[in-house]
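Got the viewer open? Let's take a walk through this one, stop by stop.

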Amino acid sequence: MSRPNNFVILGGGISGLSAAWYLSRHVPSTTKITILEGSNRFGGWIKSKRVGEHKILFEQGPRTLRPNGIGGPVVLDMASCFVINKLNLTSSLHAVTKNDDASKNRYIYYPDRLVKLPGSSLLSSLKSVMINKFLLKTASSILLEPFVKSSKNYEDESIHEFISRRFDKSVSDILISALIHGIYAGDVKKLSVKSIFTRLYDLEQRHGSVIKGLLMGNKEAFLCQQDKDLLKIVNDENKELLAIMKDVSLYSFKDGIEQLPSAIVNDLKNRENVQLKTDNQVIKLEFGKKIKISTNDGVYEADHIISTIPSRELSHILPDKGTIPHLDYNPSVSVATINIAYNHPKILPVKGFGYLIPQSTPNNPYHILGVVFDSDAMPLQDEPPRTYTKLTVMIGGHYFNSISGKVDFPNKDILLQQSMEILEKHLGIYSTPLYYLVDIHKNCIPQYYVGHYSRLEELHYAIKKYYPNQLSVTGASYWGVSINDCVLNSAKLVLNLLSNSSNVVTGLERIDTKFRL
Ligand SMILES: Cc1cc2nc3c(=O)[nH]c(=O)nc-3n(C[C@H](O)[C@H](O)[C@H](O)COP(=O)(O)OP(=O)(O)OC[C@H]3O[C@@H](n4cnc5c(N)ncnc54)[C@H](O)[C@@H]3O)c2cc1C
């Protein structure tokens with residue numbers, strides 16, 4: 001199979017931009033790369049905005065990155081090519097170290113107050129465990145987990161079922177549902193343990209117990225060969241940077257996360273073989289010897305398409321609806337973000353990253369998912385004097401989807417009003433905001449419902465059968481929603497596409513490698 005000479009990438013979020021960037025570094029300059037983005041800007045859900053006279057930075061989408069895992073070093077490697085100034089790290093990279101309050105102090109709101117989660121020191125952990133009944137139950141369920149009978153060789157179950165079975169129902173209802181609100185804005189009773197907590201699922205399958213597996217196992221054993229190779233390359237190339245990042249738990253950039261997609265766009269603009277097109281919503285794909293791509297603005301041709309748009313969108317533009325299964329199975333949830341800045345430096349009763357609200361917290365009528373203390377988490381992104389407090393309230397997620405079966409969003413004034421009422425009740429904040437920004441991100445986070453892994457398997461074989469060597473997929477709909485996951489999966493897809501193997505590359509081939517067991 002000869003290499004494609006003309007790649008078209010659907011979608012200009014971080015997945016599409018990073019796929020284009022990796023392609024542009026590895027293909028000859030005669031190979032054309034085009035990104036077709038439907039909206040009028042690149043970056044997708046990543047949106048950092050400065051507002052008001054004080055040019056305060058508000059993050060409307062993602063706000064922090066993690067340096068760990070495999071995706072962490074891969075994103076750092078990419079960012080170090082243009083966003084991170086290696087000679088003057090602190091001017092470009094804003095990091096939260098493991099000793100900062102924003103790392104040590106994380107809270108949940110349960111049942112009617114803020115509860116600090118254990119973790120900062122043994123003494124304070126013991127104290128919080130002793131005074132909170134549910135934390136005590138969590139601690140004892142961890143000790144007992146190795147003695148719980150394992151359930152091997154089952155296909156999948158919800159995160160709630162898994163955690164309740166292996167630990168305790170209260171751990172699922174309180175701690176894990178809060179965590180899931182923070183990442184997926186989702187319902188812990190519907191999301192797949194195999195796709196979201198893959199490591200926990202694998203530990204039970206391999207060792208019969210999560211805790212036993214953690215104590216005995218080595219992290220590397222869970223990596224496929226491609227991940228190990230990739231990790232070695234980026235580790236070798238970024239030794240100094242990664243050594244500094246060892247003490248970092250979270251980071252962002254001086255002008256917010258959007259600096260990353262903006263820098264990728266600037267880099268791509270300088271490459272003659274790359275075309276960047278906004279305002280080109282793809283409406284139809286037709287597959288022949290070449291692929292014909294119709295947008296609202298024109299018609300394009302490709303040898304190979306990399307789709308990074310949501311899988312549901314892809315299902316609408318493919319020919320023969322139904323030939324490729326499951327693309328529209330998982331819903332996505334919508335999240336409202338309410339960014340607020342107060343003209344007081346010390347308005348919060350506690351210091352830390354913020355708090356999440358579990359599904360089991362009673363009296364959560366406005367469906368708040370959590371509140372981030374932005375001015376504590378990333379204090380240096382604004383110019384001094386920093387005399388204000390910045391917060392982001394997150395509302396909705398799966399609650400919006402289940403209000404009445406159809407999505408029915410409150411208007412922005414009501415969302416602001418509800419946020420202020422909640423901040424008064426939870427944190428005792430009575431002040432009027434200096435600045436605010438309210439946005440509703442419709443269908444922004446895909447939900448991997450139970451059975452996601454098996455559906456991806458069928459999807460993989462269908463793409464292989466019907467569109468071999470013409471279509472591959474990546475992006476948040478498939479293997480993880482974090483920016484690290486999105487960049488890592490785009491990098492792996494491109495490396496697979498450009499390898500000399502004769503295998504058909506769909507973006508879902510880890511199904512084929514059966515690396516898991
Ligand atoms: C509120 C919020 C907070 C988050 N917080 C974090 C965080 O702190 N850390 C983290 O790592 N992750 C976070 N995430 C997740 C992360 O931001 C996203 O999962 C990730 O940015 C998705 O990138 P993507 O490129 O796969 O998809 P998208 O960003 O959705 O990009 C897809 C692009 O395709 C375009 N498109 C769609 N259909 C078409 C079409 N038919 N034709 C052409 N173009 C089309 C869209 O306009 C869009 O630009 C957060 C997400 C949200 C919403």
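How many of the 13 residues of H1 are buried? Eleven of them are, so to speak, under cover. Before going further, keep in mind that this is a predicted model.

**Stop 1: helix H1**

Select residues 14-26, which make up helix H1. Color the buried ones: Ile-14, Ser-15, Gly-16, Leu-17, Ser-18, Ala-19, Ala-20, Trp-21, Tyr-22, Leu-23 and Ser-24. Now check the length of the helix. At 1.5 Å a residue, the 13 residues of H1 should span 18 Å, and the C-alpha atoms at its ends are indeed 18 Å apart, so the two values agree.

**Stop 2: the ligand**

Next, select the ligand and show what surrounds it. There are 29 residues around the ligand, and the ones that come nearest are Ser-15, Glu-37, Val-282, Val-481 and Ile-483. By kind, the shell splits into 13 nonpolar residues, 13 polar ones and three charged ones. H1 shows up again here: H1 and helix H20 (483-498) each provide at least two residues of the shell.

Zoom in on some polar atoms. Ser-15 places a polar side-chain atom 2.7 Å from an oxygen atom of the ligand. Glu-37 also has a polar side-chain atom 2.7 Å from a ligand oxygen. With Gly-38, look at the backbone instead: an N or O atom there sits 2.9 Å from a nitrogen atom of the ligand. Taken alone, the ligand would expose 1,000 Å², and the protein buries 88% of that.

**Stop 3: Thr-295**

Jump to strand E11 (residues 291-295) and pick Thr-295. Is Thr-295 buried or exposed? Its relative accessible area is 7%, under the 20% cut-off, so Thr-295 counts as buried. Its side chain makes a polar contact of 2.6 Å with the side chain of Asn-280. A polar atom of the Thr-295 side chain also lies 2.9 Å from the backbone nitrogen of Asp-297. Leaving out residues up to four places away in sequence, Thr-295 touches Leu-36, Asn-280, Gln-281, Val-282, Ile-283 and Tyr-300. You met Val-282 at the ligand, among the residues that come nearest.

**Stop 4: Val-96**

Finally, select strand E5 (residues 93-97) and find Val-96. Val-96 has a relative accessibility of 2%, so this residue is buried too. Beyond four places away in sequence, its contacts include Ala-102, Ser-103, Asp-247, Val-248, Ala-377 and Met-378. Try a distance label to Ser-252: the two residues are 156 residues apart along the chain, yet their C-alpha atoms are separated by 8.8 Å.

Notes. Residues are numbered from 1 along each chain as its sequence is written. This is a predicted model: local features need pLDDT of at least 70, side-chain atom pairs count only at pLDDT 80 or more; totals for chains, interfaces and linings use all residues. Side-chain values use heavy atoms; hydrogens and water are left out. A residue is near a molecule or strand if one of its heavy atoms lies within 4 Å of it. A polar contact is a pair of N or O atoms within 3.5 Å; within protein, one must be able to donate a hydrogen and the other to accept it, and residues adjacent in sequence count only if both atoms are side-chain atoms. Accessible areas come from the Shrake-Rupley method with a 1.4 Å probe; for residues, only the protein chains shown count as cover. Helices (H or I, at least four residues) and strands (E, at least two) are DSSP runs, numbered from the N terminus. Ala, Val, Leu, Ile, Met, Phe, Trp, Tyr, Cys and Pro count as nonpolar, Asp, Glu, Lys and Arg as charged, and the others, Gly among them, as polar. The expected span of a helix is 1.5 Å times one less than its number of residues. Buried means under 20% relative accessible area, exposed over 50%, partly exposed in between (1.4 Å probe, protein chains only). Contact means heavy atoms within 4.5 Å.
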